[in-house]
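Hello,

Here is the structure I promised to send over. Have a look at it first, and then read on for what turned up in it.

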Amino acid sequence: MKASLAMPIIVSVSIFLFAVESKTLDPYKVLGVDRSASQREIQKAFHKLSLQYHPDKNKNKGAQEKFAEINNAYDILSDEEKRKNYDLYGDEKGSSGFDPGNSGQHGGYTYFTSGGPGQSGFTFRPGDWQNMGGQGGSKSFSFSFGGPSSQSSFGFGLDDIFSNFFGGDRGGSHFGGFGGSGRSQYGGAGSTPKSIPPVNSLVYQKEISDKGITWLLLSYKSTSRGMQYYESVIGEVAASLKGALKVGSVNCDTETSFCKELGIHPHRTPRLLVYSYKSSESGTLVEYNNDLDAKNLKSFCQDHLPKFSKRVNLDHFDFASETVGVLPKVMLLSTKRDTPVIWRVLSGLYHKSFVFYDAEVHDVSDPMVRRLGVDALPAIVGWLSNGEKHNLKTGISVKDLESAIQDLSALLDKFEKMNEKAATAKSKKDGTKPDDGKIPLLTPYNFGDICGQETPVCIIGAFRSSKARDNLEHILRMVSQKSLSRRRNVAFGSRDSVSYALLDAAKQQSFLTALDKSGFKSVDQLLVAYKSRKGKFATLQSGLTTEEAEKFISSVLNGDVQFTKIRQKPTLK
């Protein structure tokens with residue numbers, strides 16, 4: 001009974017699929033773009049139409065057929081080679097089925113073959129359809145286009161149609177013994193992202209992990225469904241948040257161990273993950289599980305941008321205490337109810353260099369705004385570590401997100417250098433080390449004063465993560481305030497002969513490599529006792545607690561630690 005019912009259905013559906021493919025359609029007209037349209041215009045048109053006619057959202061008659069036409073049109077026009085072939089060999093209406101490659105005519109009918117050797121599909125001619133080697137003997141009922149290196153499909157398989165007609169499992173039809181391949185509702189498989197940069201473990205550690213900027217990551221496999229649609233949505237979100245968001249793709253076929261380590265292996269469809277700073281200073285991966293459309297995804301990404309800026313009320317802000325400290329401070333004054341995206345992005349990029357504040361004000365007539373000397377909004381006010389105030393920029397105008405972040409980054413870079421010079425000048429005037437009693441971060445501007453020839457021993461806490469920095473800063477602050485036990489030695493007759501500093505090893509790797517060939521790359525934090533005058537160093541790499549650090553430094557001062565000759569004089573950049 002099942003077999004007799006299956007054949008008429010299969011034939012009917014086959015005729016339907018064949019009819020869709022054999023129509024003569026112009027891909028430019030399908031997407032509603034000019035022949036001179038840019039790839040960005042084509043991508044926007046595809047995204048808009050695919051959302052409008054997606055079978056899951058549009059139940060009108062013909063929506064599924066239209067969705068297939070849109071996918072096929074985009075497959076051609078998004079590929080420069082296919083587009084060129086279509087422009088050269090198609091007429092104004094376009095070639096049948098849009099296929100510039102493996103198509104043919106048989107008895108006045110158009111037929112299509114699979115995308116190339118080794119790809120699953122079938123050749124469809126009047127009276128003839130054959131399996132091309134579906135895995136495990138199963139038949140994949142979708143049309144394939146293009147050459148051996150690319151493949152696209154309708155976006156639905158025969159099993160989906162059976163499911164729509166009769167309900168049941170999308171994973172496969174059981175009519176007549178045919179098992180469908182289980183197509184995703186977002187299109188076919190076999191493609192890789194064309195416009196999303198690849199990410200591997202090295203890139204992840206170097207550019208993503210704890211770097212202060214939000215990333216949107218796509219994890220996929222060669223069998224993942226709907227790659228074109230995912231890429232289109234990601235492209236639109238990335239364009240709208242350019243400068244605030246970076247994107248990358250992880251191929252879990254080639255980066256198996258990396259995907260396993262992060263727990264991001266995809267299933268039948270790709271997975272979207274955001275490297276988020278919403279709840280952690282060091283950043284964590286959070287998966288996006290909402291509807292796949294640009295609006296929702298953009299909102300999700302924005303929600304996970306850095307939030308290192310403290311929202312304050314100027315009427316209750318203690319300028320005397322809040323604007324003096326180890327790090328310089330910057331405050332954004334604006335009429336916005338919430339912290340602006342630009343300021344959130346900057347707070348992530350510079351959270352290790354500045355303390356960020358932002359405040360909502362009504363206008364420049366506000367007494368607190370006048371007190372700060374601000375004559376136009378939005379405005380950025382800064383305080384050096386010594387409490388000295390500077391109006392960095394007023395009446396800020398923004399052309400776009402990316403250029404605004406670049407301009408304001410340059411402004412913060414300049415202010416950071418100003419702070420370093422002020423701290424160095426103060427130390428020379430007072431005859432003390434910069435930020436006396438504090439633990440300064442080593443830079444090219446203060447290195448000579450803190451760890452130069454006149455300093456017998458410089459204790460450097462080298463870190464690669466914010467967690468390691470916090471730990472080392474706490475340890476060195478505690479140790480620097482104690483009188484360590486040591487034998488009397490004229491070279492170390494004063495506690496001031498020992499200086500303490502922090503080093504960002506992630507940014508200043510060459511400094512550590514100058515000491516030792518290994519560069520201590522395998523450790524997240526370490527203490528370095530550096531003798532600039534003698535060109536020697538010693539390290540403490542394990543057991544980094546206040547107690548162990550005290551023992552190490554006491555041993556250094558008492559001459560009980562073996563020092564090693566440096567490879568070359570270390571410098572900072």
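One convention before we start: angles under 35 degrees count as roughly parallel, over 145 as roughly antiparallel, 65 to 115 as roughly perpendicular, and whatever remains is called oblique. Please also keep in mind that this is a predicted model.

Let me use that convention straight away on a pair of helices. The axes of α8 (residues 227–240) and α10 (residues 294–303) approach within 9 Å and cross at roughly 50 degrees, so the two helices are oblique to each other. The crossing of α8 past α10 is right-handed. On the α8 side the contact is made by V233, E236, V237 and S240, and on the α10 side by A294, L297, K298 and C301. Sorted by class, this contact has five nonpolar, one polar and two charged residues.

A residue from elsewhere in the chain joins in here. H47, in helix α3 (residues 39–53), touches S232, V233, E236 and A294, leaving aside residues up to four places away in sequence. Is H47 buried or exposed? Its relative accessibility is 4%, so H47 counts as buried.

Next, the sheet that these two helices pack on. It is an open sheet of four strands in the order β6-β5-β7-β8, with mixed pairing. β6 (245–251) and β8 are the edge strands, each pairing on one side only. From one strand to the next, the twist averages 25 degrees. Helix α8 packs on this sheet and touches β5, β6 and β7, with its direction at about 175 degrees to that of β5. Helix α10 lies across β5, β6, β7 and β8, and runs at about 160 degrees to β8.

Strand β7 (residues 271–276) deserves a look of its own. Six of its six residues are buried, so β7 is largely enclosed by the rest of the structure. Both of its faces are covered, with R271, L273 and Y275 buried on one side and L272, V274 and S276 buried on the other. β7 pairs with β5 (residues 214–220) in the antiparallel sense over five bridges; L218 has L272 as its bridge partner, and L217 has L273. β7 also pairs with β8 (residues 284–288), again antiparallel and over five bridges. There, L273 stands opposite E287 in β8.

Further along the chain is an open sheet of five strands, ordered β15-β14-β16-β17-β18, with mixed pairing. Its edge strands are β15 (498–504) and β18 (564–565), each pairing on one side only. β14 (residues 457–463) and β15 run parallel and are joined by seven bridges, with A462 partnered by L503 in β15. Helix α16 (residues 466–480) packs on this sheet, touching β14, β15 and β16 (525–531), and its direction makes about 175 degrees with that of β15. Helix α18 (residues 546–557) packs on the sheet as well, touching β14, β15, β16 and β17 (536–540), at about 155 degrees to the direction of β17.

Finally, the chain as a whole. The secondary structure comes to 18 helices and 18 strands. Of the 573 residues, 51% count as buried. Among contacts with a separation of 6 or more, 68% are between residues 24 or more positions apart.

Happy browsing, and do write back with any questions.

Best wishes

Key
Residues are numbered from 1 along each chain as its sequence is written. This is a predicted model: local features need pLDDT of at least 70, side-chain atom pairs count only at pLDDT 80 or more; totals for chains, interfaces and linings use all residues. Side-chain values use heavy atoms; hydrogens and water are left out. Axes are lines fitted to C-alpha atoms, for helices over the stretch in contact, and angles run from 0 to 180 degrees between N-to-C directions. A crossing is left-handed if the near helix is turned anticlockwise from the far one by less than a right angle, and right-handed if clockwise. Contact means heavy atoms within 4.5 Å. Ala, Val, Leu, Ile, Met, Phe, Trp, Tyr, Cys and Pro count as nonpolar, Asp, Glu, Lys and Arg as charged, and the others, Gly among them, as polar. Buried means under 20% relative accessible area, exposed over 50%, partly exposed in between (1.4 Å probe, protein chains only). Two strands pair if DSSP finds at least two bridges between them.
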